[in-house]
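Biologist: I should like to learn how such a model is read, feature by feature. Please give me the general idea each time, and then the case at hand.

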Amino acid sequence: MEFTLSTHASTTIQERRIQLAWIEEAISRPKRTEVDAGDPQLTHALSVVPEFGDRVLRVIYNHTKYPPHVVTAFFDRGMKGKL
């Protein structure tokens, strides 16, 4: 699956050791999605990453763009064990 990264996302995924394959998995096969409370063009895709201790990856992307444009991605500590 194709997607683009914002400058912020590109920087933070390197700092947070998030692999592009994990982002792709979250966007294409999320365990759960949420609409962003502040911007209806943004979708939050949540996915469990077994290779990273079953932590929950939250990928926030603009679903109105093609390909989807990733704004940020991070491991959501509050969601661990809830998916």
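Biologist: On helix 1, are T7, Q14 and E15 buried or exposed?

Modeller: The terms rest on relative accessible area: buried means under 20%, exposed over 50%, and partly exposed in between, with a 1.4 Å probe and protein chains only. Helices are DSSP runs of H or I with at least four residues, strands are runs of E with at least two, and both are numbered from the N terminus. Here T7, Q14 and E15 are exposed, on the other side of helix 1 from the buried residues A9, T12 and I13. Because those buried residues fall within an arc of 100° when seen down the axis, they line one face of the helix. The arc is that of the directions from the helix axis to the C-beta atoms.

Biologist: On what footing do such statements stand?

Modeller: The model is predicted: local features need pLDDT of at least 70, and side-chain atom pairs count only at pLDDT 80 or more, whereas totals for chains, interfaces and linings use all residues. Residues are numbered from 1 along each chain as its sequence is written, and side-chain values use heavy atoms, with hydrogens and water left out.

Biologist: Against what do the buried residues of helix 1 pack?

Modeller: Packing is read from contacts, meaning heavy atoms within 4.5 Å. The buried residues of helix 1 (residues 7-15) pack against strand 1 (4-5), helix 2 (20-28) and strand 5 (69-75).

Biologist: Which residues of helix 2 are buried?

Modeller: In helix 2 they are W22, I23, A26 and I27. They lie on the same side of helix 2, because they cover an arc of only 130° around its axis. Their packing partners are helix 1, strand 3, strand 4 and strand 5.

Biologist: How many aromatic pairs are there?

Modeller: Rings of Phe, Tyr and Trp (its six-membered ring) pair if their centres lie within 6.5 Å; planes under 30 degrees apart are stacked, over 60 edge-to-face, and the rest tilted. By this rule there are 3 aromatic pairs. In one of them, the ring centres of W22 and F75 are 6.2 Å apart and the planes stand at 70°, so the pair is edge-to-face. This pair links distant parts of the chain, since W22 is in helix 2 and F75 in strand 5, 53 residues apart. Both W22 and F75 are buried, and together with F52 they form one aromatic cluster.

Biologist: Which side chains make polar contacts with the side chain of R58?

Modeller: A polar contact is a pair of N or O atoms within 3.5 Å; within protein, one must be able to donate a hydrogen and the other to accept it, and residues adjacent in sequence count only if both atoms are side-chain atoms. The side chain of R58 has such a contact of 3.0 Å with that of E34, and one with the side chain of H44, also 3.0 Å. R58 belongs to strand 4 (residues 55-62). R58 counts as buried because its relative accessible area is 8%. Leaving aside neighbours within four places in sequence, R58 touches several residues, including A45, L46, F74 and M79.

Biologist: Where should the backbone be inspected for unusual geometry?

Modeller: Most residues other than glycine have a negative phi, and most peptide bonds are trans. R17, which follows helix 1, has a positive phi near 55°. R17 lies in the loop between helix 1 and helix 2 and counts as exposed because its relative accessible area is 58%. D54, likewise not a glycine, has a positive phi of about 60°. The loop between strand 3 (42-49) and strand 4 holds D54, which is partly exposed at 43% relative accessible area. The peptide bond from Y66 to P67 is cis, with omega near -5°; P67 sits in the loop between strand 4 and strand 5.

Biologist: What pattern does the protein chain follow along the sequence?

Modeller: The pattern is β-α-α-β-β-β-β, made of 2 helices and 5 strands. The radius of gyration (over C-alpha atoms) is 12 Å, close to the 12 Å that the globule rule gives for 83 residues, so the protein chain is as compact as a globular protein of that length. That rule is 2.2 Å times the number of residues to the power 0.38. Of the 83 residues, 41% count as buried.
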